[in-house]
Every structure is written in structure tokens, then in C-alpha cells.
Amino acid sequence: MAKKKVGEKLLPTGITTRKGWFISFEKIHQMFAKTNYGYILKHRIRWGLFKPPEYSDSEWEKTLGPDANNLEHLLIAYGQTKQFLRNEDGFTKKEQELLLFTSIVHDWAEPVVGDIMRHVKTDDDDKRELKLLKNVLLEVLGSAIDISTVTKTCEILGNKKSRLGRAFNTIETLGYFETAFRAWEVSHKVNGDMKMRLKWLTSNVLLIDISKLVERARLYKSAKLFLDKHKDVIHDAFTTMPDSAFKFHRHNKIEHYQNTFSKQKKLWLRFNK
């Protein structure tokens, strides 16, 4: 476990069970990883829609980094949540604990439902996933988990407009951008179909999420710092994105996505004057 840096905000490192004993977030992840659910996630990739068919899953993970692996993603999300909370004031220790717990378990239902891309995910998909998440949490953690923690975790994931739901959704969005920037960087080092698919991935994140991140920059220091740090790569992606990056969309949707991208580009340029 990494040592705490001098002056770094002290965050919760686990939860207290119903029986009063402590269990760390890393231990919770290890317990899940040893189950059949964890085995399934270990052998699944994220962002698979954008992967060239001829590339193996392991090649895709090497291209996008460990966050492209569904199981590794949970640990990365946990780290991103810690970084977010170190930058933000106003969250109580209990709220910090809930957000950190949510980060390490939020995809535990995906071995059953799969990794559904968020731009095609329906309300019914979300409800089913939350119901299954509750069941998996209770199955894996059993008597160790307080039912109120399960309920509050599902509330965070199910209501993105709530205080903690909005915070965790922001953390996830920052994670999407981390992957998009990695894809954009690698796209300049490869050729052919992979090059354009990585640019497509980047364009997809920008057109869906940049307006949200701009709005969240007014609420969270983390989002503002992130945009300030990455403004050059965002500007580069918006201003040099080729039209061919949109060819992967359904033919009757290409113009729609190009127009949406153009609108988000204008929003970004106004914000980044």
C-alpha cells in the first residue's frame, strides 16, 4: 500500500462491518476478484465497441492501458476517487467512505449484464443493473456488509442528480477523459483502422461529455484542475479531428454526430478563451 504523503488529506481506507470489524477497500476488491464474477471481469475489456475486430483483447488493453480491463478498472476508479476527494472540501468522512466504497464495487453487476455503453444504456438497463448489484454485494460480502451501505451505494449510482451521485458521476466522467486522451495520444503513433478507431473513441467522449465537465468545473476543483491541465490536448482533438472519425457510426447518424461534435467544439472554444 502506498504511503501517505506529508500534508496529504487523510481519507477512509475501508468500512466497518455490522459485527464491528474493519475491512479495507483493497480487501473488498480481493474478495470479489476471487469469485466467478471477478474472473469474468478479469477476462473482459472496456470500450470494446471501438476495438478493431482483428485485435485481441490483450492487445486492446496494451493500447489503452489497464483501465481497458474491467477488473483493473475498479482499482483505477478507486484511485481516481481518492484523488477527487483530496481536491474537494465539504464531504464528510462518511460521504468519503461511501464514494470510495462505490468506486471499488460499482461494476460488480457487469459480469451478469455486460458492459453496456452509456450512450445506448436505458433506464431499464440501469434499474436491472442496480438490482443485480445489490444481490452481488450481498452474495460476495454477506454478513460483512451493512444493508444501509448497500442501499446508499445503489442510491449514489441510481441518482446522478443527488449530491453524492453527481460527485461520483463526475469522477467517472474524468475517467472517460483519461481514456480518451490515451486514445488520442496513441492514435498519432499507429496507422490504418486502429488510428481512426482511436480518434472515434476520443470524438465520442468529447461530444458526449465535454459540456458536462465544463459545467462540473464550476462545482468541483477537480474538474477545473483537470480541464486546465488538459486544455491543449482537448483543443487539439477538437480542432484537428478528421471527418473520417465519424464513419463508424450508422450511416443515417453520421451527420447527427458531426453536428453534435461541432456544437461541443464551439462550447469548448468559448469556455477556453
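**Close-up views of helix packing**

**View 1. Helices α1 and α4 meet side by side.** Here Phe25, Glu26, His29, Phe32 and Ala33 of α1 are in contact (heavy atoms within 4.5 Å) with Leu71, Leu74, Leu75 and Tyr78 of α4. Both helices come from a predicted model, in which local features need pLDDT of at least 70 and side-chain atom pairs count only at pLDDT 80 or more, while totals for chains, interfaces and linings use all residues. Residues are numbered from 1 along each chain as its sequence is written, and side-chain values use heavy atoms, with hydrogens and water left out. Helices are DSSP runs of H or I with at least four residues, numbered from the N terminus. The axes of α1 (residues 25-33) and α4 (residues 70-87) come within 11 Å and cross at roughly 170°; axes are lines fitted to C-alpha atoms over the stretch in contact, and angles run from 0 to 180 degrees between N-to-C directions. That makes α1 roughly antiparallel (over 145 degrees) to α4.

**View 2. One face of α1 is buried.** Phe25, Ile28, His29 and Phe32 are the residues to look for, as they are buried (under 20% relative accessible area, 1.4 Å probe, protein chains only). Down the axis of α1, the buried residues fall within an arc of 100°, so they line one face of the helix; the arc is that of the directions from the helix axis to the C-beta atoms.

**View 3. Thr81 sits in helix α4.** Its relative accessible area is 0%, so Thr81 is buried. Beyond its neighbours within four places in sequence, Thr81 touches Leu99, Leu100, Ser103, Phe168 and Ile171.

**View 4. Helices α3 and α9 cross roughly perpendicular to each other.** The axes of α3 (residues 57-64) and α9 (residues 163-187) come within 9 Å, at an angle of roughly 95°, inside the 65 to 115 degrees that count as roughly perpendicular. Lys62, Thr63 and Leu64 of α3 meet Thr179, Arg182, Ala183 and Val186 of α9.

**View 5. Helices α10 and α13 are oblique to each other.** Packing of α10 (residues 192-216) against α13 (residues 254-271) has an angle of about 40°, with the axes 9 Å apart; oblique covers angles that are not under 35, over 145 or from 65 to 115 degrees. Among the contact residues are Leu206, Leu207 and Ile210 of α10 and Tyr257, Phe261 and Trp268 of α13.

Conventions
Helices (H or I, at least four residues) and strands (E, at least two) are DSSP runs, numbered from the N terminus. Buried means under 20% relative accessible area, exposed over 50%, partly exposed in between (1.4 Å probe, protein chains only).
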